Structures are given as structure tokens and as C-alpha cells.
Amino acid sequence: MSIRSIIIGTGSCVPKRVVTNKEMESLVDTSDEWIRTRTGILQRHISNDRETNSYLATQSARKALDMASVLPQDLDLIIVGTMTPDMPMPSVACLVQNELGAKKAAAFDLYAACTSFLYALSVADKFIRFAPDMKVLVIGSEVLSRVINWKDRNTCVLFGDGAGAAVITGTKEDRGILSTHLHADGSLGELLILKGLDVDLPPGHSTLEKGQQYIQMQGREVFKHAVKAMETAAREALEANKWNEDDVDHLFSHQANVRIINFLGERLRLSQEKIFINVHKYGNTSAASIPICLDEANRTGILIPGHRILMVAFGGGFTWGSVAMCW
Ligand SMILES: CC(C)(COP(=O)(O)OP(=O)(O)OC[C@H]1O[C@@H](n2cnc3c(N)ncnc32)[C@H](O)[C@@H]1OP(=O)(O)O)[C@@H](O)C(=O)NCCC(=O)NCCS
């Protein structure tokens with residue numbers, strides 16, 4: 001009997017402050033209409049000084065642990081997917097470990113931009129297949145508002161802050177994570193880049209002048225690659241599990257742009273009710289986007305045991321991948 005990883009608890013947390021498209025109009029030359037029609041985003045949550053990455057991550061973790069009825073001291077491993085840590089060292093995972101009092105848990109961060117949660121889930125899955133009793137906390141957490149140039153309309157309207165978490169353990173039941181497929185292409189890294197967190201810390205004069213401490217993106221190019229890569233990763237998962245498109249009950253796609261999500265849904269011939277969308281509320285929260293979706297869906301009760309879930313993400317690097325699971 002093979003061992004599979006199952007999600008036994010989910011949680012999420014977003015900052016209290018909501019910034020509407022209308023408010024963005026006062027910051028840059030944009031309009032609610034442009035943002036809505038090009039991206040589907042209506043608002044985003046933006047953190048204050050106290051709502052750090054590790055704070056949001058810890059809050060989401062507490063909710064996931066609570067749902068899973070797992071005590072922090074019983075955790076074996078914490079993996080945080082992020083590109084906006086509180087600081088380079090200690091990792092967000094270590095800060096969360098300390099906050100939770102998860103004393104026996106190993107902890108590390110993983111960097112795969114918007115694909116980080118799927119990368120982290122895949123790593124957790126590998127651990128659990130060898131040690132099914134392990135309890136692993138997987139978190140995607142970001143405070144992208146801190147690496148956004150609030151004067152650059154090409155990027156500042158797109159992103160938001162938040163965190164999502166899942167508690168994973170092993171089962172002999174015929175459900176859980178069925179397949180993971182991860183990919184990267186470093187040759188396209190320049191199209192979506194954040195140079196600020198390089199060895200040149202604190203940022204030198206030239207770094208600041210060039211705006212390298214902020215996310216820079218060639219949106220249209222990224223869009224083209226994102227739709228293609230996500231469809232390929234989705235089809236890889238379908239093929240690996242011998243699923244038809246009809247077999248998918250829920251698509252949790254990275255929430256960057258509603259046009260990308262719907263395009264993917266159309267390519268996979270999924271009906272609208274199977275495509276989970278919350279980008280209108282949060283914008284692109286990078287590593288947090290899929291776990292926030294998962295938690296919202298879980299808490300609203302739309303995930304039924306036996307449902308087939310397809311998760312697909314794409315991000316800077318480039319990185320992309322898919323995870324298929326049976327709930
Ligand atoms: C960024 C994105 C929304 C832009 O949409 P688009 O339809 O491709 O728009 P374009 O880039 O072609 O820009 C069209 C025009 O709108 C302008 N524009 C850009 N941002 C704007 C804003 N916030 N408000 C108003 N106009 C804006 C551009 O300057 C451009 O003007 P120009 O034609 O005079 O040069 C879209 O490309 C996208 O979503 N890309 C992928 C983003 C993504 O997935 N990123 C993360 C991956 S994890």
C-alpha cells in the first residue's frame with residue numbers, strides 16, 4: 001500500500017488594510033476601469049509595519065494547526081515559500097517556528113517566486129512518502145508591497161500581501177497528493193526580476209537609482225509565457241494521473257490576472273464553477289495565492305472528500321508547476 005500526503009488543515013491571513021483601485025488612482029496614472037478590465041483586480045490588502053511576513057505566516061499557521069488539531073510541538077518540519085522574508089537571516093520559517101513554539105520542527109525557506117507554495121508542497125510530499133508520521137507545516141507568505149515601486153503603474157496595481165498555510169501528514173488511504181511536476185527556466189529571469197535582495201545589501205547608490213530594489217516586469221511577455229507554461233504543467237498532471245479534463249473538480253491556479261486564469265480554464269475546457277477565483281479581492285499575492293484559495297475553498301465547504309484538485313502556478317525565475325490531489 002503506497003503512502004500519500006494529505007492536507008489535514010488550512011489557514012490564511014491577510015493584512016487588515018484594504019486598498020481599492022480608486023485609491024490607486026491617487027498614486028499613479030491609472031483607473032479602476034483599466035485595472036479591472038486588464039487584471040480582474042478590484043482591491044488588495046496591504047500590510048502595516050507590524051504585519052510582517054512572519055506575522056502573517058504565523059497567523060495563517062495557527063489557523064491551519066487549529067483545524068488539523070495538531071499542536072505546534074508536534075510539528076516535524078516547517079517550510080515557508082516566500083521571496084519577501086522579514087530579513088535574509090533568520091528565515092521566516094525559523095521566526096514562525098519560534099513564534100509557534102514548534103521546538104522539534106526543522107525549518108527553512110524556499111524561493112521559487114509565485115510557484116513557491118507548489119514547490120514547498122512537493123518537497124513536503126517527498127519527506128512524507130519516506131516518513132508518513134511526519135507533520136509538516138507548509139506556508140506561502142508574502143509582503144510584496146515592500147518591494148513594489150508605488151510610482152510604477154505597470155506593477156504597483158497588481159500585487160497584494162497575505163499568507164496561506166497547510167498542515168500535511170501521511171495516509172495509507174487512496175487520496176491525497178497524487179503527482180507533482182516542477183519546472184524552471186533561468187534564461188528568462190530578466191523578464192520578472194527583483195534585484196534588491198542581492199549581495200549588495202544595504203542597497204548601494206546605483207541600485208537605488210536604477211530601482212533595482214523593486215519588482216520589474218515585462219508584463220506582456222510574462223503573460224504569454226505564463227499561459228503557455230501553466231497549460232503545459234496542467235496537462236502534465238492530467239496525463240500522469242490518466243485524468244480527462246472532465247475529471248477535474250477544482251482548478252486552483254496562481255492568481256495573477258483573471259484573464260490568465262480564465263484562459264487556462266478555457267484551454268482545459270473547465271466550466272466556470274470549477275475555476276476558483278479570488279484575485280479580485282487580493283491581487284497577486286505570489287506564494288500566498290494558492291494556499292489562500294485552498295483555505296477559502298476549504299472553509300466554505302466546497303471541497304468534498306474524493307474531489308479531484310488541480311493546482312497550477314507560474315512565477316519569476318521563471319518557475320512553474322502543477323500538483324494534482326484527491327481531497
Ligand atoms: C501587466 C498586465 C496586466 C498588463 O496588461 P496588458 O494588456 O498586457 O497591457 P500592456 O502591458 O500591453 O500595456 C498596455 C498599456 O497600458 C499601460 N498601463 C500599464 N499599467 C497601467 C495601469 N496600471 N493603468 C493604466 N495604464 C497602464 C501601459 O503603459 C501601456 O501603455 P502604452 O500602450 O501607451 O505603452 C498583463 O500583461 C499581465 O497580467 N501580465 C502578467 C502578469 C503576471 O502574471 N505577473 C506575475 C507572474 S507570477
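Q: How many Å separate a nitrogen atom of the ligand from a polar backbone atom of Arg 153?
A: Keep in mind that this model is predicted. A polar contact is a pair of N or O atoms within 3.5 Å. Arg 153 has a polar backbone atom that pairs with a nitrogen atom of the ligand, and the distance is 2.9 Å.

Q: Which residue has a side-chain N or O atom 2.8 Å from an oxygen atom of the ligand?
A: Let's look at who surrounds the ligand. Among the closest of the 24 residues around it are Thr 30, Arg 153 and Arg 38. The one whose side chain places an N or O atom 2.8 Å from a ligand oxygen is Arg 38.

Q: Which residue has a backbone N or O atom 3.0 Å from a nitrogen atom of the ligand?
A: Here we need the backbone, not a side chain. The backbone atom at 3.0 Å from the ligand nitrogen belongs to Gly 219.

Q: What percentage of the ligand's accessible area does the protein cover?
A: Start with the ligand on its own, which has 950 Å² of accessible area. With the protein in place, the covered part of that area is 77%.

Q: Which element gives the largest share of the shell around the ligand?
A: Several elements give two or more residues to this shell, including helix 2 (32-39), helix 6 (153-156) and strand 12 (308-315). Helix 8 (219-240) is also on that list. With four residues, the largest share comes from helix 8.

Q: Which class, nonpolar, polar or charged, has 11 residues in the shell around the ligand?
A: Sort the shell by class. Eight of its residues are polar and five are charged. The class with 11 residues is nonpolar.

Q: Why does the ligand lie between domain 1 and domain 2?
A: Domain 1 covers 4-174 and domain 2 covers 178-326. The ligand lies between them because its shell has residues from both domain 1 and domain 2.

Q: Where is Pro 90, which is joined to Met 89 by a cis peptide bond?
A: The bond from Met 89 to Pro 90 has an omega near 0°. To place Pro 90, look between strand 4 (77-81) and helix 4 (92-100). Pro 90 is found there, in the loop.

Q: What is the omega of the cis peptide bond between Gly 317 and Phe 318?
A: Phe 318 sits in the loop between strand 12 and strand 13 (319-326). The bond that joins Gly 317 to Phe 318 is cis, with an omega of about -15°.

Q: Which residue has a positive phi of about 55° although it is not a glycine?
A: Look in the loop between helix 3 (53-68) and strand 4. The residue with this positive phi is Ser 69.

Key. Residues numbered from 1 in each chain as written. Predicted model: local features only at pLDDT ≥ 70, side-chain atom pairs only at ≥ 80, totals over all residues. Heavy atoms only, no water. Near = heavy atom within 4 Å. Polar contact = N/O pair within 3.5 Å; in protein donor to acceptor, adjacent residues only side chain to side chain. Areas by Shrake-Rupley, 256 points an atom, 1.4 Å probe, with all protein chains shown as cover. Nonpolar A, V, L, I, M, F, W, Y, C, P; charged D, E, K, R; others polar. Domains from an automatic or database assignment.
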